[in-house]
Amino acid sequence: MSKSRGTWLRSLLAPVKGLYREVLALSLFVNLLVLSVPLFVLSVYDRVVFHGGLTTLEALLIGMALALAFDFVLRQARSRIFQRVALQIDIELGRALFRKIAALPLRALESRAAADWQAHFNDLEIVRNTRSGSAAVLLCDLPYILLFFGLIVVIAAPVAWVLPVMLGILLLIAASSGLLVSRASEAERSAARERDGLLSEMIQGRATVKALALDPALRAPWEAQHAKTIEAGLKRGGLADAFGNLGHSMVMLTTVALTTVGALAVLDQQMTIGALVAANILGTRFISPLVQLVNNWRSFAAYRDAARRLDALFAEGEERSDTVLELPRPKGRLTAESLVFTYGEGQRPVIDGISMRLGPGGLHAVVGRNGSGKSTLLKLLQGLYPPDSGRVLLDETDIAQHARGQVADWIGYVPQDCFLFAGNIRDNIAMSRPEASDEEILTAAERAGVQAFVAELPAGYATEIGEGGTRLSGGQRQRIAIARALLRDPPVLLLDEPSANLDPQAEESLRDQLVELAKTRTLLVSTHSPTLLGVCDSIMALQAGKIALAGSGRDVLPRLFGGAAPPEAKTRTGA
Ligand code: ATP
Ligand code: MG
């Protein structure tokens, strides 16, 4: 187990520590009241029945009525405290988890499947349920089984030794149940996660799945994984059932053992029948929480695993969220110094020693064949990926010194595959700056060419675009993404193939907008479009992560397009 185990949880649970103390104190009284029943039985057998004391019975009944009422009130109070604990865990841990995942660097987020991240919220549920559900109640009651044992020693000493023996056996069962069941649970969990991953991938790629009728190809792996999940579930269920039933046998065995030993003691006149009956009740009280412990061992094991996973997550490094130095709005000079970046260890660098200097101001382009590293370069320039070596400077400062939020304010970025969120068009544009006025939103929309198609929609900017913006065309989505980036009015703007989905008219209008914006801002576009390249102040051609060719648009363009060849082909020869 990691050294940091539980530190995050402990600090998150600090506010509810007091509540746990209250629960423990309440549990003492709850369990003291439990003692009233065997004492009642003992008195009825030995006094009322034996001596015919009906008045005693009345008094005892009144006492019991009071005890039962009190018991109910105490248990209710305890439940309410546990509800508060659950609420606190839900609120605090849920918030911390969301914040943590959001603060992880992009590389970390990309390193695991989407279903993996979602699974952390199941972990949260496990933590909440174990900390506030029946398992927690059980743990609070557990220390007080000593009370029952103590009372047995007092009223039925000759049979008391049976209980420690049973305790030993049950602990052995609990330990082996924990080990076996938790191993089986983990197998079930990972099989289910893989199966759910397949499902969510199928839903995400639904259009492709339908278009290519891929469902038969997907069904086989899904069914294999589904079968694996079911098999693991059966195995886990079988084990859990076996241990559960073993626990019940132990309760019965305890009664049999106590009664046998007790009967001998009664014959020997070492104790009364009443004491034997009371000892039996107490014995069940003693053993039941232990049996429940065996049954719950799985949830404790699941809790430990969930806590370990959350621990590992909370120990992961976050992006910088504080800024050493608040700076005024940069002028927009973007410099890269010997950038090197590799996606994975041992792979060849995708960006291999790139140095450049852009702006302030101007429209700049990066061209290159598919896979030459254009998108990766833009991500490095926006600080989405930290370079393995080298640095990116905005004006004179390394962007690594600034918080993610600040870099995002200063360096706008429109990714190659832009993502929109469920909601309407206005909200999607306003997302980057929720406090923006309608006028600012309209200006950004106008510049990005959103206005042109929104005018034709019946609901205009209030049009709901569906999950992931799927109700819009690719070009419409792209324009909204550009508007979203423009709304922040960043001094530097990086656009990854911004005209890939645009029709020629939209492309020309985007070109005019970019030229206009480039008068006061630094723009870098990755593009293959001759329309955009034609107006660029400078062009840089990438080849296998290196700059193959760079210079003013006027110099580079003829070499890229020499004949009527596509820019990629020429970039190669230009190297
Ligand atoms: P395109 O013109 O197709 O958009 P590009 O020039 O933008 O191409 P990049 O997306 O930067 O190319 O990719 C450069 C190289 O890095 C490719 O060889 C690709 O396989 C690799 N690559 C890109 N993204 C990842 C990733 N997340 N993990 C591992 N390798 C990646
Ligand atoms: Mg790309």
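The following exchange goes through the domains, the ligand site and a salt bridge of this structure.

Reader: What should I know about the model before reading any value?
Author: This is a predicted model, in which local features need pLDDT of at least 70 and side-chain atom pairs count only at pLDDT 80 or more, while totals for chains, interfaces and linings use all residues. Residues are numbered from 1 along each chain as its sequence is written, chains are lettered from A and ligands numbered from 1 in the order in which they are written, and side-chain values use heavy atoms, with hydrogens and water left out.

Reader: What makes residues 7-315 and 334-562 two domains?
Author: The bounds come from an automatic or database domain assignment, which divides the protein chain into domain 1 (7-315) and domain 2 (334-562). Their centres, taken over C-alpha atoms, are separated by 54 Å.

Reader: How do you know which residues of the two domains are in contact, and how many are there?
Author: Contact means heavy atoms within 4.5 Å, and four residues from domain 1 and five residues from domain 2 take part.

Reader: What is meant by the area that domain 1 and domain 2 bury?
Author: Buried area is the accessible area (1.4 Å probe) that two parts lose on being put together, summed over both; for domain 1 and domain 2 this is about 460 Å², with 53% of it on carbon and sulfur atoms. On the side of domain 1, L106, R107 and R206 supply 88% of the area buried against domain 2, more than any other three residues.

Reader: Why is the pair R128 and D90 called a salt bridge?
Author: A salt bridge is a side-chain nitrogen of Lys or Arg within 4 Å of a carboxyl oxygen of Asp or Glu; the side chains of R128 and D90 meet at 2.9 Å, N to O, and therefore satisfy that rule. Across the whole structure the search finds 30 salt bridges, whereas the count between domain 1 and domain 2 is zero.

Reader: What makes the pairing of ligand 1 with T376 a polar contact?
Author: Such a contact is a pair of N or O atoms within 3.5 Å; within protein, one must be able to donate a hydrogen and the other to accept it, and residues adjacent in sequence count only if both atoms are side-chain atoms. An oxygen atom of ligand 1 is 2.5 Å from an N or O atom in the side chain of T376, so the pair falls within the limit.
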